[in-house]
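User: I'm new to this structure and would like to know what stands behind the labels people put on it. Could you take me through it, setting each value against its cut-off?

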Amino acid sequence: MHILLYSSITIFGMVTMMAFALILVSAAVYQLVKRRVRRATAGAIEANAILQQALSMSDHLIVELNLTSNLFRNVHGNQLPADGVPLADIRQLVHPEALEIFDNFIEQMRSGDKREATLSYLFNVNYGEGDPVWHQVRNNAILEYNQQGQPATITFTMTDLTDEARHNQKGDEMSQRYQDLFEDSIIGISFYNADGYLIDCNKMMREICNFESRYDSFYYDSCIFDLATYPNLSRERVEEFWCCMKLDSPKRDVNKYVELHVHPINDSKGRLQYIAMVARDITEERNLYMQSKLNDEQIRKASQEIRRYEEQLRYLLENSKMLVWRSTFDSHEIEFLQDLQHPVVRMPFEDFLDTLQTDEQEAGMLRLTRTVAERPANMNTITRPFKNLLVNDDKVYWYTMNSIPNYNEQGVQTGYFGLIRDITELIEEQEMLKQETERANDSDRMKSLFLANMTHEIRTPLNAIVGFSDLLQAIEAPEEKKEMMRIIRNNCDMLLRLINDFLAFSTIETNGVNLTPAAVNFADAFDDLCVSLAQRTADTAVAFIKDNPYTLLNTTLDMERIGQVITNFVTNAVKYTTQGHIKVGYRAEQRDGHDGLYIYCEDTGAGIPKAEQERIFDRFVKLNDYVQGTGLGLSISKAIVKCCQGQIGVTSEVGQGSTFWFWIPCEW
């Protein structure tokens with residue numbers, strides 16, 4: 001009994017002690033957990049604060065979609081109304097082309113197939129107010145589950161990629177623009193590394209060097225220091241230099257004359273990094289120069305021929321056959337003799353006077369009927385044209401007649417005696433000589449004017465291109481670089497147009513205009529041409545208007561030549577028009593019973609004075625010397641239209657503008 005009681009007390013005490021110990025342990029654990037919870041809570045609050053600050057600094061918006069109520073609500077930011085937006089309304093803001101992708105994205109998340117996903121699409125940030133404003137957005141989504149493990153909400157981060165995309169697009173466009181400028185430059189450009197091996201070159205340089213392919217191993221594997229073509233280049237020291245040289249490479253069938261500029265590119269410490277080389281094909285210019293020398297030689301030979309011809313004429317005059325003439329007062333007759341006794345022609349004074357022009361007949365009668373004492377002294381020799389005098393062919397012949405008085409035995413003057421020479425050939429040769437001299441002088445003047453125009457007009461844009469190209473390397477500001485690139489591009493276009501005019505003028509002068517008619521839909525070809533021409537007024541206050549009345553107009557003509565005339569018209573209009581519009585159009589029109597096209601270019605520019613309108617189509621005519629150009633465009637256009645057997649002209653008033661037009665025959 002005592003043992004049982006003792007045991008019961010002992011067990012009770014032990015239980016009590018264990019319970020007390022458990023309470024103490026629980027309290028300790030509770031305090032420990034409580035401190036950890038506090039620290040975790042404080043950390044979570046701090047982390048949340050940092051997260052909120054980071055979200056506030058970013059452009060990200062966070063919304064969540066309740067999959068039960070199908071409502072979108074704000075989590076971060078105030079993108080949506082406070083009471084939420086139904087999913088159906090959000091779908092109205094998604095671009096129609098991306099709606100199916102968006103719906104599939106939501107359904108895959110709703111079904112639990114994807115826990116995390118990303119979607120990019122066009123979203124209307126104008127929220128249905130006014131016209132849509134589409135921005136490129138990216139959603140990073142995560143699916144959250146409820147306590148039952150079912151999909152409950154989808155949390156989205158919305159990032160607007162529009163500015164980034166635009167920035168990337170502008171960067172790509174700028175890069176492409178620089179690449180196009182480099183690739184399509186009318187001057188050959190190439191870059192070499194410090195060891196003299198080719199890195200890259202543009203299309204013009206490949207054409208100059210006659211590359212077999214874009215990456216011709218012959219050039220890429222050759223070191224320029226080892227080539228005899230460039231004797232001025234040294235491995236020890238590369239210095240900038242200019243030269244004109246003959247580029248001769250039999251392996252690539254290259255035989256050209258080039259103007260070469262070598263420019264070393266060094267780092268900040270003066271160590272060579274790259275070698276830039278700029279080349280311009282001057283073969284055609286040299287050919288023009290050689291042709292000019294040939295023309296000078298031909299003129300010199302022509303002058304020698306003229307002098308020799310003059311000597312021959314002088315000899316012929318001295319040794320030509322002459323007739324003797326004799327007049328008699330009593331019989332009122334005049335006779336012409338091969339010798340003193342055998343008359344060839346005999347006629348009354350009245351018939352002789354009829355061979356003279358009407359205004360010469362009265363003076364002719366005085367010469368025949370008046371004695372030496374009665375008539376003026378300057379009537380002893382005359383040079384006049386006659387018709388049907390010695391030859392009855394209705395042709396006008398020039399004769400020189402000198403005379404001395406003839407007396408009878410009593411010393412009375414009975415008439416006149418003298419020599420008559422046919423100088424028709426001499427007069428004609430003198431006229432030819434005059435024309436040839438004028439032609440030679442004109443040729444010399446045209447040559448001088450041509451060379452002066454060519455030198456000045458080409459040098460001006462070329463200096464701008466080279467100058468700004470050198471400055472471009474030292475400029476850091478993007479806007480300044482952009483402006484310089486614009487100036488270089490404009491001068492490249494200007495230089496290309498000048499060279500095209502010179503080449504076209506040279507070709508027309510040498511070979512005339514060669515036409516290659518072909519079947520063409522003129523309406524489509526006209527549209528394509530206007531797309532290019534409209535760019536010339538893109539940066540000006542002048543509106544470009546296209547008048548294309550047809551969608552289909554099939555005909556046969558040389559569209560390249562016709563386009564050249566239209567382009568020359570528009571180029572002139574752009575030069576002289578600072579406001580208003582430039583309108584280009586055409587219409588089918590019959591003239592003199594022939595089908596044809598009437599094409600015009602109307603502008604609201606300075607206009608042309610009436611006195612200048614007739615010579616505006618002559619070569620090298622410029623009404624304003626301060627306007628860039630060669631004065632060849634309209635003369636080339638006139639030659640093309642003339643070769644097409646068409647008509648060309650202009651109507652203009654000063655201060656009101658001008659309309660240049662041409663009509664060419666063609667079937668349509």
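**Labels and the values behind them**

User: Why is arginine 237 called exposed?

Analyst: Arginine 237 has a relative accessible area of 58%. Exposed means over 50%, so arginine 237 earns the label. Please keep in mind that this is a predicted model.

User: What makes arginine 237 and glutamate 239 a salt bridge?

Analyst: A side-chain nitrogen of Arg has to lie within 4 Å of a carboxyl oxygen of Glu. Here the N to O distance is 2.6 Å, so the pair qualifies. Side chains of opposite charge can pair when their charged atoms come close. Glutamate 239 has a relative accessible area of 47%, so it counts as partly exposed. In the whole structure, 18 salt bridges are found.

User: Are the partners in the salt bridge of arginine 280 and glutamate 285 buried or exposed, and what makes it a salt bridge?

Analyst: Their side chains meet at 2.3 Å, N to O, which is within the 4 Å cut-off. Arginine 280 has 13% relative accessibility; buried means under 20%, so arginine 280 is buried. Glutamate 285, at 28%, is partly exposed.

User: How do you know which label fits glutamate 335 and which fits arginine 326?

Analyst: Glutamate 335 is at 11% relative accessibility, so it counts as buried. Arginine 326 is at 25%, so it counts as partly exposed. The two side chains meet in a salt bridge, with 2.6 Å from N to O. Elsewhere, Glu212, Asp216 and Arg252 are joined into one network by salt bridges that share partners.

User: What is notable about asparagine 210?

Analyst: Asparagine 210 is not a glycine, yet it has a positive phi of about 55 degrees. Asparagine 210 sits in the loop between α5 (203-209) and α6 (217-220). With a relative accessible area of 34%, asparagine 210 falls between the 20% and 50% limits, so it is called partly exposed. Its C-alpha atom is 6.2 Å from that of arginine 252, although the two residues are 42 residues apart along the chain.

User: And what makes glutamine 645 an exposed residue?

Analyst: Glutamine 645 has a relative accessible area of 66%, and since exposed means over 50%, the label holds. Glutamine 645 lies in the loop between α14 and β23 (647-653). Although not a glycine, glutamine 645 has a positive phi of about 60 degrees. Helix α14 (residues 633-643) has buried residues that include Leu634, Ile636, Ile640 and Val641.

User: How do you know that helix α13 has the length expected for its residues?

Analyst: Helix α13 covers residues 559-576, which is 18 residues. At 1.5 Å a residue, the expected span is 26 Å, and the end C-alpha atoms are 26 Å apart, so the two values agree. Helix α13 is also mostly covered, with 14 of its 18 residues buried.

User: Why is the sheet containing β8 and β9 said to have edge strands?

Analyst: The sheet is open and has 5 strands, in the order β8-β7-β11-β10-β9, with antiparallel pairing. Strands β8 (198-201) and β9 (241-249) each pair on one side only, and these are the edge strands. From one strand to the next, the twist averages 30 degrees.

User: How do you know that β10 and β11 pair?

Analyst: Two strands pair if there are at least two bridges between them. Strand β10 (residues 254-266) and strand β11 (residues 272-281) have 9 bridges, in the antiparallel sense, so they pass. One example is isoleucine 265, whose bridge partner in β11 is tyrosine 274.

User: What makes the side chains of β20 alternate, and with which strand does β20 pair?

Analyst: In a regular strand the side chains alternate between the two faces of the sheet. In β20 (residues 554-557), Thr555 and Leu557 point to one face and are buried, while Asn554 and Thr556 point to the other and are not. Strand β18 (residues 518-521) pairs with β20 in the antiparallel sense over 4 bridges. Leucine 557 in β20 stands opposite alanine 518.

User: Which residues line the second largest cavity?

Analyst: Among them are Val63, Phe72, Tyr121, Phe123, Asn139, Phe156 and Met158. Strands β4 (116-124) and β6 (151-160) each supply at least two lining residues. This cavity holds about 80 Å³ of space, and the structure has 4 cavities of 30 Å³ or more.

Conventions: Residues are numbered from 1 along each chain as its sequence is written. This is a predicted model: local features need pLDDT of at least 70, side-chain atom pairs count only at pLDDT 80 or more; totals for chains, interfaces and linings use all residues. Side-chain values use heavy atoms; hydrogens and water are left out. Axes are lines fitted to C-alpha atoms, for helices over the stretch in contact, and angles run from 0 to 180 degrees between N-to-C directions. The expected span of a helix is 1.5 Å times one less than its number of residues. Buried means under 20% relative accessible area, exposed over 50%, partly exposed in between (1.4 Å probe, protein chains only). On a 1 Å grid over the protein atoms alone, a cavity is a set of points where a 1.4 Å probe fits but cannot get out, and a pocket is an open set with protein on both sides within 12 Å along at least five of seven lines; lining residues have an atom within 4 Å of a point. Grid points are joined across faces, edges and corners, and a volume is the space filled by probe spheres set on the points.
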